[in-house]
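Student: I'm new to this structure. Could you pick one part and take me through it closely?

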Amino acid sequence: MSTKDSFRAPKGTADLLGSAAAGWDALQQTARRVFARYGYAPVYTPVFEHTEVFARGIGEATDVVGKEMYTFTDRAGRSLTLRPENTAGVVRAAIQAHLTDNGQTAKLFYAGPMFRYERPQKGRQRQFYQLGAEALGFQAPAADAEMVLMLRDFYLTLGLTETRGSASLAASPDNGNLVLLLNTMGCAQCRPAWRDAMAGYIRAHADGLCQECQRRADTNPLRALDCKNPACVDIMAGAPKLADYLCDDCREHFAQVRALLDAAGVVYQLDPTLVRGLDYYTRTVFEFQVADGLGSQNAVGGGGRYDGLFEQLGGSPTPGIGFAIGAERTLLALEAAGIILSDTNRTAVYVACADADLRDTAFLLTTALRAAGVSVVCDLQDKSLKSQFKAADKAGAGHVVIIGADEDARGGVTLRDMQTKTELFVPRDELLAALTAGDSEN
Ligand SMILES: [Zn+2]
Ligand SMILES: [Zn+2]
């Protein structure tokens with residue numbers, strides 16, 4: 001690597017600047033607002049954990065653990081791993097803090113960077129950003145239904161709309177852009193029989209399957225349902241269906257989840273091939289996809305139940321369910337749908353100084369306006385008035401307050417509306433009222 005390259009962001013990472021940074025902010029704000037309505041509190045776990053947390057939690061045979069983790073040894077010889085997802089970390093934290101002891105429950109949400117060593121492509125970086133929520137200690141089907149509703153609520157609040165019909169129909173704008181897929185993955189009682197049947201099916205059809213899928217017969221046969229190789233997709237369409245192996249409890253649980261979603265008016269498609277990529281999922285799994293703009297990377301978020309995860313991480317048996325939202329893909333989906341997120345960080349006012357002798361006055365007026373809650377900037381570089389107007393434009397300020405010798409002598413300022421290009425004289429003690437006049441209407 002040349003010296004020049006070492007001072008660029010590493011492959012698979014991106015600096016979030018401008019609209020990318022504002023977009024990530026807006027997703028977090030929307031999530032905070034929506035999730036709070038469902039009783040969720042924030043949680044922040046370390047970006048690295050003991051490698052065992054992910055190896056045990058996610059599963060040794062998954063692609064994530066097998067070949068995508070950033071694992072390193074620290075100076076004391078511990079094996080640590082940058083988190084490839086946050087569910088295992090949140091469950092580890094909940095066990096450590098005894099949040100779910102004695103039948104207690106916890107509803108937690110997170111937001112932050114995750115890390116996977118993958119081939120970078122559109123919507124998939126090695127450092128990527130996720131938002132997610134975990135409902136810990138909840139066993140009833142209502143928890144599954146509420147989880148799906150909350151994630152749907154998030155996307156609808158952002159402005160995406162539900163599709164009626166299949167994903168391929170969704171491209172027409174009046175038919176929405178969001179597709180919800182739903183499946184059940186069974187439980188520790190009924191899944192092994194299905195898994196064995198899948199392994200047998202893969203071995204029987206090994207000739208037509210890719211090498212990866214052939215290996216999966218021994219390691220993780222369910223993953224063959226996820227293979228994108230067209231020949232594999234064809235063959236796997238005829239694979240044994242879990243529906244034929246479900247135990248009575250799983251069948252009843254799934255029926256109740258669906259009944260609640262139906263009653264709530266949620267549109268979804270049952271997809272027996274939906275198996276989320278991590279080993280810890282049990283029973284309900286779900287995924288939101290968008291119809292266009294993302295190609296094969298069309299899943300914007302999803303999740304499921306993980307009733308065995310607490311035990312995998314050394315806790316006592318505790319049910320859990322959660323989801324994760326891919327920030328990059330969600331932002332791409334919003335862009336494809338023509339949805340512009342409102343930028344709440346925008347500067348409202350620029351204070352321009354028309355007379356070098358009044359720079360301190362301008363500075364102090366700016367400080368006073370900020371104290372009153374206005375988002376306002378002023379020149380800090382002794383710029384000309386013309387340059388200050390350019391800066392006001394660039395900052396997207398709705399108003400410019402101009403302080404000049406004339407105005408100052410009359411005890412006021414000139415207030416310019418940048419949209420209508422109109423100017424008027426405003427006495428100093430009426431300025432705040434003039435600047436905030438329109439706020440209640442917006
Ligand atoms: Zn079962
Ligand atoms: Zn394959």
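Tutor: Let's look at one strand, β9, and what sits beside it. This is a predicted model, where local features need pLDDT of at least 70, side-chain atom pairs count only at pLDDT 80 or more, and totals for chains, interfaces and linings use all residues. Residues are numbered from 1 along each chain as its sequence is written, while chains are lettered from A and ligands numbered from 1 in the order in which they are written.

To get your bearings, the protein splits into domain 1 (3–190 + 246–336) and domain 2 (349–436), with bounds that come from an automatic or database domain assignment. Their centres, taken over C-alpha atoms, are 46 Å apart.

Now for β9 itself, which covers residues 282–290. Strands here are DSSP runs of E, at least two residues long, numbered from the N terminus. Nine of the nine residues in β9 are buried, so the rest of the structure largely encloses this strand. Buried means that 20 or more other C-beta atoms, placed from the backbone, lie within 10 Å of a residue's own.

β9 pairs with β7 (residues 178–184) in the antiparallel sense, over seven bridges; two strands count as paired if DSSP finds at least two bridges between them. In that pairing, Leu 182 has Phe 286 of β9 as its bridge partner. Strand β10 (residues 299–305) also runs antiparallel to β9, joined by six bridges. Here Glu 287 stands opposite Gly 302 of β10. As a general point, side chains in a regular strand alternate between the two faces of the sheet.

Note on methods
A residue is buried if 20 or more other C-beta atoms lie within 10 Å of its own, exposed if 12 or fewer, and partly exposed in between; C-beta atoms are placed from the backbone. Helices (H or I, at least four residues) and strands (E, at least two) are DSSP runs, numbered from the N terminus.
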